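Here is a friendly walk through one protein model. Please keep the structure open beside the text as you read.

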Amino acid sequence: NAKGDPVEPRLYIWKTIWENRTEYGWKGLGIGSETEFLLQKYEEAGNAEAVDKRFGAHNQYLQEWMTLGPLALLLLICFIVLLPTSCAPQQRYTASMIAIILGVNMLTDIPLSFVGTLYWLYCCLVLIETDLLKSSR
């Protein structure tokens, strides 16, 4: 690491993303280009370990900002915040817990890139629907 860079890999990654924020513009870099962009920045900084390990964004919010721009980031945040309010009152607690868990998960990884997470979200939606059916009887 260069002098002044955080030792913790995620903090270093996030610092790199933040320092290069002007290069993303309003449209972002485009889907699939964020890892190569980060590898180039790690190489320019002389961080061989980050290049060898091919560190990605490790933060869903920062990745969306990099790939699709700040408007996509705002839409993602709005989705998470508004998820509980879009459900019937009986399901708001379950939806709130799902939104909190997903929102916190997105701080340290990119769960929307994994099939397992999408399966998990589907299971949560089934739970919400099950609650809705029970309460409507």
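## A patch, an enclosed helix and some salt bridges

Let us begin on the outside, with helix 6 (residues 92–108), which gives the most to the nonpolar patch, contributing six residues. Keep in mind throughout that this is a predicted model. The patch covers about 670 Å² of surface and is made by Tyr-93, Met-97, Ile-100, Ile-101, Val-104, Leu-107 and Trp-120. Val-104, one of these residues, is found in helix 6.

From the surface we can turn inward. Helix 4 (residues 60–68) is largely enclosed by the rest of the structure, because eight of its nine residues are buried. Those buried residues are Gln-60, Tyr-61, Leu-62, Gln-63, Glu-64, Trp-65, Met-66 and Thr-67. What lies over them? The cover for the buried residues of helix 4 includes helix 1, helix 2 (34–45), helix 5 (70–82) and helix 6, so the helix that gives the most to the nonpolar patch also takes part in this cover.

Both ends of helix 4 are worth a look. At its start, a side-chain oxygen of Asn-59 comes to within 2.9 Å of the backbone nitrogen of Tyr-61. After the helix comes Gly-69, which has a positive phi, near 95°.Two residues other than glycine also have positive phi values. Phi of Arg-54 is near 50°, and His-58 has a phi of about 55°. Arg-54 lies in the loop between helix 3 and helix 4, and His-58 is placed in the loop between helix 3 and helix 4 as well. At 23% relative accessibility, His-58 counts as partly exposed.

Next come the charged pairs. How many salt bridges does a search of the whole structure find? The search finds five. Three of the pairs are set out here, with the N to O distance and the relative accessibility of each partner.

| Salt bridge | Closest N to O distance | Accessibility of partners |
|---|---|---|
| Lys-15 and Glu-19 | 3.1 Å | Lys-15 26%; Glu-19 48% |
| Glu-36 and Arg-54 | 3.0 Å | Glu-36 47%; Arg-54 46% |
| Glu-49 and Lys-53 | 3.2 Å | Glu-49 43%; Lys-53 51% |

Besides the pairs in the table, salt bridges that share partners join Glu-23, Lys-41 and Glu-44 into one network.

Lys-15 and Glu-19 are four residues apart in helix 1, so about one helical turn separates them. An α-helix has 3.6 residues a turn, so residues three or four places apart point the same way. Lys-15 counts as partly exposed, and Glu-19 counts as partly exposed too.

The salt bridge of Glu-36 with Arg-54 has its closest N and O atoms 3.0 Å apart. This pair links distant parts of the chain, with Glu-36 in helix 2 and Arg-54 in the loop between helix 3 (48–52) and helix 4, 18 residues apart. Glu-36 is partly exposed, and Arg-54 is partly exposed. Arg-54 thus combines a salt bridge to Glu-36 with a positive phi in a residue other than glycine.

In the pair of Glu-49 and Lys-53, Glu-49 is partly exposed at 43% relative accessibility, whereas Lys-53 counts as exposed at 51%.

Is Thr-16 in helix 1 buried or exposed? At 7% relative accessibility, Thr-16 counts as buried, because the cut-off for buried is under 20%. Thr-16 lies in helix 1 (residues 9–19). Its side chain reaches the backbone oxygen of Tyr-12 at 2.9 Å. Leaving aside neighbours within four places in sequence, Thr-16 is in contact with Tyr-24, Leu-38, Lys-41 and Tyr-42. Among these contacts, Lys-41 also belongs to the salt-bridge network with Glu-23 and Glu-44.

Finally, the cysteines. How many disulfides are there? The count comes to zero. Why does Cys-78 form no bond with Cys-87? The sulfur of Cys-87 is the closest cysteine sulfur to that of Cys-78, yet it is 16 Å away, which is too far for a bond because a disulfide needs the two sulfur atoms within 2.5 Å. The surroundings of the two cysteines can be given as well: Cys-78 counts as partly exposed at 41% relative accessibility, whereas Cys-87 counts as buried at 16%.

Conventions:
Residues numbered from 1 in each chain as written. Predicted model: local features only at pLDDT ≥ 70, side-chain atom pairs only at ≥ 80, totals over all residues. Heavy atoms only, no water. Helix = DSSP H or I, 4+ residues; strand = E, 2+ residues; numbered from the N terminus. Buried < 20%, exposed > 50% of the residue type's maximum accessible area, 1.4 Å probe, protein only. Polar contact = N/O pair within 3.5 Å; in protein donor to acceptor, adjacent residues only side chain to side chain. Contact = heavy atoms within 4.5 Å. Patch = residues over 30% accessible without salt bridge, like charges linked within 9 Å, V, L, I, M, F, W, Y side chains within 5 Å. Areas by Shrake-Rupley, 256 points an atom, 1.4 Å probe, with all protein chains shown as cover. Salt bridge = Lys/Arg side-chain N within 4 Å of Asp/Glu carboxyl O.
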